[in-house]
Amino acid sequence: MSKLSLDSAKVDVPCPQCGKKLTDTIGALRRKPQRNCRGCGVDFTIDTKQLDKDVRDLNRSLDKLFKF
């Protein structure tokens with residue numbers, strides 16, 4: 001099965017300082033991992049290696065699901 005593109009999927013990313021959730025697409029987070037919290041003003045960077053691993057894991061799970 002071909003891999004599903006999840007770049008347009010929206011995800012919530014919590015601020016590491018205050019916990020306020022930032023909603024963005026996976027593709028936008030990959031292109032620009034630096035973010036600024038609108039709640040507390042802290043700058044932080046998304047771990048894109050972890051994001052890519054999570055997407056690979058999700059694709060593997062979907063592959064297993066669709067084999068049945």
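## Salt bridges in a predicted two-helix, four-strand chain

Arginine 60 and aspartate 57 share helix H2, three residues apart, or about one turn of the helix. Their side chains meet in a salt bridge, 2.8 Å from N to O. A salt bridge here is a side-chain nitrogen of Lys or Arg within 4 Å of a carboxyl oxygen of Asp or Glu. Helices (H or I, at least four residues) and strands (E, at least two) are DSSP runs, numbered from the N terminus.

This is a predicted model: local features need pLDDT of at least 70, side-chain atom pairs count only at pLDDT 80 or more, and totals for chains, interfaces and linings use all residues. Residues are numbered from 1 along each chain as its sequence is written, and side-chain values use heavy atoms, with hydrogens and water left out.

**Fold and overall form**

The protein chain has two helices and four strands. Along the sequence they run β-β-α-β-β-α. The radius of gyration is 14 Å, well over the 11 Å that the globule rule gives for 68 residues, so the chain is more spread out than a compact globule. That radius is taken over C-alpha atoms, and the rule is 2.2 Å times the number of residues to the power 0.38. Along the principal axes, the C-alpha atoms fill a box of roughly 45 × 20 × 20 Å.

Of the 68 residues, 26% count as buried. Buried means under 20% relative accessible area, exposed over 50%, and partly exposed in between (1.4 Å probe, protein chains only). The accessible surface comes to about 5,200 Å², and 52% of it belongs to carbon and sulfur atoms. These areas come from the Shrake-Rupley method with a 1.4 Å probe; for residues, only the protein chains shown count as cover.

Contact means heavy atoms within 4.5 Å. Among contacts with a separation of 6 or more, 25% join residues 24 or more positions apart.

**Charge pairs**

Side chains of opposite charge can pair when their charged atoms come close. The structure holds five salt bridges. The table lists three of them, including the pair within helix H2.

| Pair | Closest N to O |
|---|---|
| Aspartate 24, arginine 35 | 2.9 Å |
| Arginine 30, aspartate 52 | 2.9 Å |
| Arginine 60, aspartate 57 | 2.8 Å |

Aspartate 24 forms a salt bridge with arginine 35. Aspartate 24 lies in strand E2 (residues 21-25) and arginine 35 in strand E3 (residues 34-36), so the pair ties together parts 11 residues apart in sequence. Aspartate 24 is partly exposed at 21% relative accessibility, whereas arginine 35 is buried at 13%.

Arginine 30 forms a salt bridge with aspartate 52. Arginine 30 sits in helix H1 (residues 26-31) and aspartate 52 in helix H2 (residues 48-66), so this pair ties together parts 22 residues apart in sequence. Arginine 30 is partly exposed at 33%. Aspartate 52 is also partly exposed, at 28%. A network of salt bridges links Asp7, Arg30 and Asp52.

In the helix H2 pair, arginine 60 is partly exposed at 46%. Aspartate 57 is partly exposed at 27%.

**Aspartate 43**

Aspartate 43 is found in strand E4 (residues 43-45). At 59% relative accessibility, aspartate 43 counts as exposed. Aspartate 43 touches Arg35 and Asn36, not counting residues up to four places away in sequence. Proline 16 is 27 residues from aspartate 43 in sequence and 9.4 Å away in space, C-alpha to C-alpha.
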